[in-house]
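Biologist: Could you pick the part where the buried side chains gather and take me through it closely? I'd like the general background first, then the details residue by residue.

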Amino acid sequence: MLFGLIAALDWSTLLWWIAVVLKVAVGLGAVIFVHELGHFLVAKACGVKIEKFMIGFDIGGYKLSWRRGETEYGIGILPLGGYVKMLGQDDDPAHIAEQMKKSQVSERSSDAVPITGPNGETYYVDRRSYLAKSVPQRMAIISAGVVMNIIFAFIFAVIAYGMGVPYVPAIVSETVPGSPAWRAGLEPGDEIIQIGDRLDPTFIHLKSSVTLGDLEAGIDCLVRRAADGQVVPVTLKPEQEGGRLATIGIGGPLSLTLREEVPVIEDSAADRAKLVAPRASEVEGDAEFQGGDRIVRVGEAPVENNRQFSAELAQNPDKPLLMTVERDRKQLTDEPQTGAVVHARESQKLTLEVPPQPLRHFGLVMKMGPITAVRADSPAAEAGLAAGDLIEAVDGQAIAEGRDSDNGWDPVTLPEYLRQAAIEEREVELRIRRPLRGETDDRLLTLRVVPIVPTVMHLEIPLGAPLADEAIGIAFRIENQVQAIRSGSPAAGSDIAPGDRITAAKIIFPQDAKGNTAEPLTVTFVADEARWLSELIRKIFGGEAGRQRPLPNWPAFVDAVQFAPGGTQIEFKFQGEDESEARTAKLAPQPLEAVFIAPRGFLFEPIVRTRTARTFAEQIRYGWDETAEALTMVFRFLRLLGTQVPVSALGGPVTIAKAAGYSAAEGLPTLLIFLTMLSANLAVLNFLPIPLLDGGHMVFLAYEGLRGRPANERFVVALHTAGFVFIVGLMLFVLALDFGLVQRNL
């Protein structure tokens, strides 16, 4: 069976993966090696006898090793670090007496050097012992590993920028409804060209600036507008909810080239596209969208970027669209003079008709929630709408109510109603309820707003995000309470009734063409506020049960089922308003007549640029900037860990190996930049003043230098024990995160 599996493998793919694994192994090994090499070289320069130089730990004596001179060199079985073993030095303080005894020589010996012990007694040790060296020399030996990591982080970056480092620019593809970027008016195609003092930042720089930025003052940026090319200052204030990482709600830049692996979503409108021209017999490859195709025209409009493409789809969600793609094809030709066969590239244009993508619905009309945000300079802002307002009626009609309802509007379809009003160039009347601070009664207002035809579409709505209405520029919440049931809908024949609260929805996927079934996905709409300790106390001493608070996840759930494969079913968990016992109902989403969504199932490659130094001086500058950024980012991360940055953001060996693998798969320059970051991380973390780490040793040496003798042995052992417990506990925690035993709340 094994031989059959090997025979079935694509050998080029297998060899590629072997190369990736070797790159990762060599890269991670290099970071460890240079750290230990620093200790080794400085110790040798100080005249210390080196007994062992190990990469990895030789647990149980399992290792590959050889001896050269007085030193044993080897690779240990546990590849989680390395060490340099010097005469008279041991990381375990319980072995201090043993090391002193091992280093001790007769006071009459020419190699004897007197040292002062922790209790003030005098010992005579070998002059080549680590213990015989002065405090400054031992400090140099201990700090050499960290210094080497910083030096090689810089070298890695310099080499990478000489080769050319691919990066994703800080260009906006879309903004999350209601997010800081959405409220600030950022649009698809806008490029952030400066963050603080950093010019030409990458998307990774943007993410780290947001995660570690000032939540109160915000992040000062310069943005080049896609609409007119003007550069304007924008201050973005990151938001943090539920202990997660702070965000501003920006999606990374997308090209118009379809993804190689999965160009379109299965069973989507794009997947159902029909070839119009040329004839199928004239097409090289499949007569459908395929990976690598570049969309160059939508209808009669040429499109040069994703912004223009999105605008065409957002303005015409209800129409079939002709899309023209450019497809590269190879041709074999004979070289006339030499007779050699060469590969010539040319492109072929294909035009396909893409049907509209109907909105999938269950017939559940959910209760309208308040407006959460109003977009800057939007029709809603001009009309006077504000966050907190609740829309009660649209053009004199209230939201649908009751069972078998065919009247009234639905919060999910409200954006389509307002888009149609924009096409018809008519004004819309909104009756809103505005809560007034300090007063018991709300204020009822009637406002008139003139919608505009949207030019923005949202490819994904994340959990917790509101629904956007781009026609007037508002984002609003949808509650998890059922307001009405549409007649003839899937929900009409279920036990779900108006007033019920949906608490969870399990998305159950059908078998795919290969007979595999994906794991069900559950979206929750309430969060249990009770914790296990409070529940235990309640059970012992009595009291009220913990309450559940609603989670605003309905828009994300509706978005998630739009491109679910045919045959998908949803198991709803619901209960009455009186919080009676939960019941379930299984429904299948169905297309809603005459209502369509803008996205049609296309999946695009990200925009990737390459930053290459033109001169060696520029290589040095880029390398230094990258190293300095990596070092300062670690400090900022540690400073905010446990507050603005959750501890679940930490990663262990598995996370590091995965990240290294992804970097190696993208090429050697990307791997070198990752190693720059990793080496800088190792330098900073290893120099923290924690016993067992180099930083802890430096603290003890500083104490010895000031006091004139080492710290008390019992005191050192106690601190090292505490440090050991902390490090082991930390390792177990990050391993639990790596293997999914502890949930990451990011």
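**Into the core**

Modeller: Sure, starting from the outside: the chain exposes about 38,500 Å², and carbon and sulfur atoms supply 56% of that area (Shrake-Rupley method, 1.4 Å probe; for residues, only the protein chains shown count as cover). This is a predicted model, so local features need pLDDT of at least 70 and side-chain atom pairs count only at pLDDT 80 or more, while totals for chains, interfaces and linings use all residues. Residues are numbered from 1 along each chain as its sequence is written, and side-chain values use heavy atoms, with hydrogens and water left out.

The C-alpha trace spans about 105 × 95 × 60 Å along its principal axes. DSSP runs give 16 helices and 37 strands, where a helix is H or I over at least four residues, a strand is E over at least two, and numbering starts at the N terminus. Of the chain's 746 residues, 45% count as buried, meaning under 20% relative accessible area; exposed is over 50% and partly exposed is in between, with a 1.4 Å probe and protein chains only. Take contacts (heavy atoms within 4.5 Å) between residues at least 6 apart in sequence: 67% of them join residues at least 24 apart.

Now the part you asked for. In soluble globular proteins, nonpolar side chains tend to be buried together. Here the largest nonpolar core has 58 residues, and the members touching the most others are L364, I391, I496, W554, F557 and F572. A core, by the way, is a set of buried Ala, Val, Leu, Ile, Met, Phe, Trp, Tyr and Cys residues joined through side-chain atoms within 4.5 Å.

Zoom in on I496. Setting aside neighbours within four places in sequence, I496 is in contact with L364, R403, V482, I485, I502, F572, F574, A585 and L587. Another core lies apart from this one, with 25 residues that include V283, F289, F309 and V354.

Two of those well-connected members, W554 and F557, bring us to helix 11, where they are among the buried residues. Helix 11 covers residues 554–561 and is mostly covered, with seven of its eight residues buried. Besides W554 and F557, the buried ones are P555, A556, V558, D559 and V561.

F309 of the other core also sits on a helix: helix 7 (residues 306–315) buries N306, F309, S310, A311, L313 and A314. At its N-terminal end the cap is N305, with a side-chain oxygen 3.2 Å from the backbone nitrogen of R307.

Polar side chains get covered too. Q483 sits in strand 28 (residues 474–486), and it counts as buried because its relative accessibility is 17%. Its side chain makes a 3.4 Å polar contact with that of E401; such a contact is a pair of N or O atoms within 3.5 Å, and within protein one must be able to donate a hydrogen and the other to accept it, with residues adjacent in sequence counting only if both atoms are side-chain atoms. Leaving out residues up to four places away in sequence, Q483 touches V365, M366, K367, I399, A400, E401, G402 and P498.

For contrast, look at F152 in helix 4 (residues 135–163). F152 counts as partly exposed because its relative accessibility is 23%. Its C-alpha atom is separated by 56 Å from that of E382, 230 residues away along the chain.
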